[in-house]
Amino acid sequence: MKNVATKWFGLVSGLLLMSGTALAQDPPAPDGAALYKGKCKVCHGEDGTRTPAGEKKDAPEKLGPGVAKMSVEDIAKLVKEGKEKMPKFEGKLTDAEIQAVSKWTKDNIK
Ligand code: HEC
């Protein structure tokens with residue numbers, strides 16, 4: 001009997017340990033680069049040079065100079081709320097995703 005109890009204890013604590021690790025890794029940090037490619041590139045281009053689609057919406061010709069004057073928080077607010085013909089991403093991206101794509105934009109679009 002003692003043996004069975006020990007086995008169960010081992011099994012249960014093993015499971016707890018596993019779910020503990022799974023929780024610690026979940027959710028993975030959103031990939032800002034992939035989000036930019038998926039959501040922003042269509043108007044602002046890979047490197048911040050606007051595309052024909054962006055031109056139709058009156059997006060700035062170059063994103064870099066605007067980004068240089070903005071903080072990550074400024075960008076995140078703009079992405080979340082939209083501006084003029086830029087769509088708002090609230091409800092389409094999570095706060096963590098908005099944060100990640102804003103930080104990526106700040107660091108990579110010059
Ligand atoms: C449908 C086209 C479109 C998409 C998609 C889009 N934008 Fe924009 N974006 C615009 C337009 C239009 C403006 C200009 C808004 C204005 O009139 O001030 C703009 C402005 C900006 C600005 C401010 C630039 C400046 O000089 O003031 C930033 C930063 C920006 N966008 C980042 C992003 C990011 C990051 C994404 C992806 C999450 C994104 N945009 C997706 C159209 C778009």
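The face of helix H6 (72-81) turned away from its buried side carries the exposed residues Glu73 and Glu81. Here a residue is exposed if 12 or fewer other C-beta atoms lie within 10 Å of its own, buried if 20 or more do, and partly exposed in between, with C-beta atoms placed from the backbone. Helices (H or I, at least four residues) and strands (E, at least two) are DSSP runs, numbered from the N terminus. The model is predicted: local features need pLDDT of at least 70 and side-chain atom pairs count only at pLDDT 80 or more, while totals for chains, interfaces and linings use all residues. Residue numbers start from 1 along each chain as its sequence is written.

On the other side of the account of H6 stand its buried residues, Ile75, Ala76 and Val79. They lie on the same side of H6, because they cover an arc of only 100 degrees around the axis, the arc being that of the directions from the helix axis to the C-beta atoms. An α-helix has 3.6 residues a turn, so residues three or four places apart point the same way. H5 and H7 are among the elements that cover the buried residues of H6. Glu73, which lies in helix H6, counts as exposed because it has 11 other C-beta atoms within 10 Å. The C-alpha atoms of Glu73 and Lys106 are 9.9 Å apart, although 33 residues separate the two along the chain.

Just after H6, Gly82 takes a positive phi of about 75 degrees. In the loop between H6 and H7 lies Glu84, which has a positive phi of about 45 degrees although it is not a glycine. Most residues other than glycine have a negative phi. Glu84 is exposed because 7 other C-beta atoms lie within 10 Å. A second residue of this kind is Asp58, whose phi is near 65 degrees, a positive value in a residue other than glycine. Asp58 sits in the loop between helix H4 (52-56) and H5, and it too is exposed, because it has 11 other C-beta atoms within 10 Å.

The chain as a whole has 7 helices and 0 strands, and read along the sequence it follows the pattern α-α-α-α-α-α-α. Of its 110 residues, 21% count as buried. Two residues are in contact if their C-beta atoms, placed from the backbone, lie within 7 Å. Among contacts between residues at least 6 apart in sequence, 51% join residues at least 24 apart.

Helix H7 (95-108) comes next. H7 has 14 residues and reaches 20 Å from its first C-alpha to its last, close to the 20 Å expected at 1.5 Å a residue; the expected span is 1.5 Å times one less than the number of residues. Its buried residues are Ile98, Gln99, Ala100, Val101, Ser102, Trp104 and Thr105. These pack against helix H2 (32-39), H5 and H6.

Trp104 belongs to helix H7 and is buried because 21 other C-beta atoms lie within 10 Å. Leaving aside neighbours within four places in sequence, Trp104 is in contact with Gly32, Ala33 and Tyr36. Its C-alpha atom is separated by 8.8 Å from that of Val72, 32 residues apart along the chain. Tyr36, with the same neighbours set aside, is in contact with Lys41, Val101, Trp104 and Thr105.

The largest nonpolar core has 16 residues, and those with the most contacts inside it are Tyr36, Val79, Ile98 and Val101. The elements giving two or more residues to this core are H2, H6 and H7, and H7 gives the most, with 4 residues. Such a core is a set of buried Ala, Val, Leu, Ile, Met, Phe, Trp, Tyr and Cys residues joined through C-beta atoms within 7 Å.

The ligand has 25 residues around it, of which Cys40, Cys43, Gly66, Glu84 and Met86 come nearest. Helix H3 (41-44), helix H5 (64-68), H6 and H7 each give two or more residues to this shell. A residue is near a molecule if its C-beta atom, placed from the backbone, lies within 6 Å of it. The shell divides into 15 nonpolar, 4 polar and 6 charged residues. Ala, Val, Leu, Ile, Met, Phe, Trp, Tyr, Cys and Pro count as nonpolar, Asp, Glu, Lys and Arg as charged, and the others, Gly among them, as polar.
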